[in-house]
Amino acid sequence: MSNWVTIRGRRLSFQVPRRTIAVLAALFLVNVIVMIACIGFGSTFISPLAVIRSLLGIGDSSNDMIIFTLRMPRVVIAVMVGSMLAVSGALLQGIVRNPLTSPDVIGISGGASLGTIVFILYFSHVSIRFMPISSIAGAFGAALLIYLFAYRGGITPLRLVLIGIGMATALTAVSYMLILTASFTPTAVAVKAFTFMTGSIYGVSWTRDVLTLLPWLVVLMPVALIYARHLNVQELGDEVATSVGSSVNAKRTMLLFVSVALAGAAVAIGGTINFIGLMAPHIARKLVGPAYGGVIPVSALIGSLVLLLSDLVARVAFIPLDIPAGVFTAAVGAPFFVYLLYRHRHS
């Protein structure tokens, strides 16, 4: 039996290892189980069976308010934001060919946060549908600054990471300064901005948040999957990629655009949730190998799972307090980053 499965479409044909399909199926199942748990657990416990019955439309109507209005949007946003951050990190690591890279580590998420903070403080009267645009503009601005500061006749991975860390710190400081010095800002808006900077999906809704983020996910994620195969060629080096007919600069620009846009849109709704874009691609490569056709979808499912579990702990561990999920992703991600730095230094 072949270890590969061929998937054909009208304009696209590619092979996927059977192991990758098995890992995707297992991660999808785990995600579904955790989603049911996230819907059930909270200050009011709803059994998994009751959750499933309600989702099928045959459950107790007394649970509908809790399930469909309060918890389901939060679960869906966790899946969307976690998967988008993970895929953004996987693309960025492939483009730069640096395992220490992720949107939050090199400051792209910081730029997106600054763009969103500006929107929250100065354009709160404008429809929230435009908030991802402000966030993505901030992300692209940060990416441009990082490139300009890091470029010295070329860009080395270590220089990019160091410049990015400095840029992320500077952008975060500017964001907090704007919040603290905007004396005209109502207290509720300032609290919202501070919570956003921590990274939280508290209080999300179907119309305001899910429908705002959905178009970005629907457009950008398929593009990331389609262009993922070009990363495999670029891993061999620019000269080899060019020799086999790949337009390296055009593909790299498109992939960078998708990566930055994914991070910017996710940050606009989920806030500054760190380290998912760093951890998920590394775990994915351990599970399915280096081929990006598998790394991208596996990273998406891992990112979704990490944020679901982080938000679940954030909601139930300190009831009645609702801790921002970003606190827990940072608690796990920071030691992971230190480990990667140590391993990279001694490799």
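**A tour from helix α3 to an aromatic pair**

Start at Arg71: helix α3 bends there by about 45 degrees, and a proline, Pro73, follows within four residues. Keep in mind that this is a predicted model.

Now select all of α3, residues 64-96. Does its length fit its residue count, and what span should its 33 residues give? At 1.5 Å a residue the helix should span 48 Å, and its end C-alpha atoms lie 46 Å apart, which agrees. Show the surroundings next. Of the 33 residues in α3, 26 are buried, so the helix is largely enclosed by the rest of the structure. Step just past the end of α3 to Arg97, which takes a positive phi of about 55 degrees.

Go back into the helix and pick Ile77. Which residues touch the most other members of the largest nonpolar core? They are Ile77 and Leu91, in a core of 99 residues. Helix α3 gives this core its largest share, 17 residues. Display the contacts of Ile77: leaving out residues up to four places away in sequence, it touches Gly82, Ile201, Val204, Asp209, Val210, Leu213 and Ile269.

Last stop: the aromatic rings. The model has six aromatic pairs. Select one of them, Phe275 and Phe337: the ring centres are 6.4 Å apart and the planes meet at 40 degrees, so the pair is tilted. Phe275 sits in the loop between α10 (248-270) and α11 (276-288), while Phe337 belongs to helix α13 (residues 325-345). The two are 62 residues apart, so color by residue number to see how the pair links distant parts of the chain. Colour by accessibility next: Phe275 counts as buried at 14%, and Phe337 counts as buried at 12%.

Notes
Residues numbered from 1 in each chain as written. Predicted model: local features only at pLDDT ≥ 70, side-chain atom pairs only at ≥ 80, totals over all residues. Heavy atoms only, no water. Phe/Tyr/Trp six-rings, centres within 6.5 Å; stacked < 30°, edge-to-face > 60°. Buried < 20%, exposed > 50% of the residue type's maximum accessible area, 1.4 Å probe, protein only. Core = buried A, V, L, I, M, F, W, Y, C linked by side-chain atoms within 4.5 Å. Contact = heavy atoms within 4.5 Å. Expected span 1.5 Å × (residues − 1). Bend = angle between axes of the 7 residues up to and from the residue.
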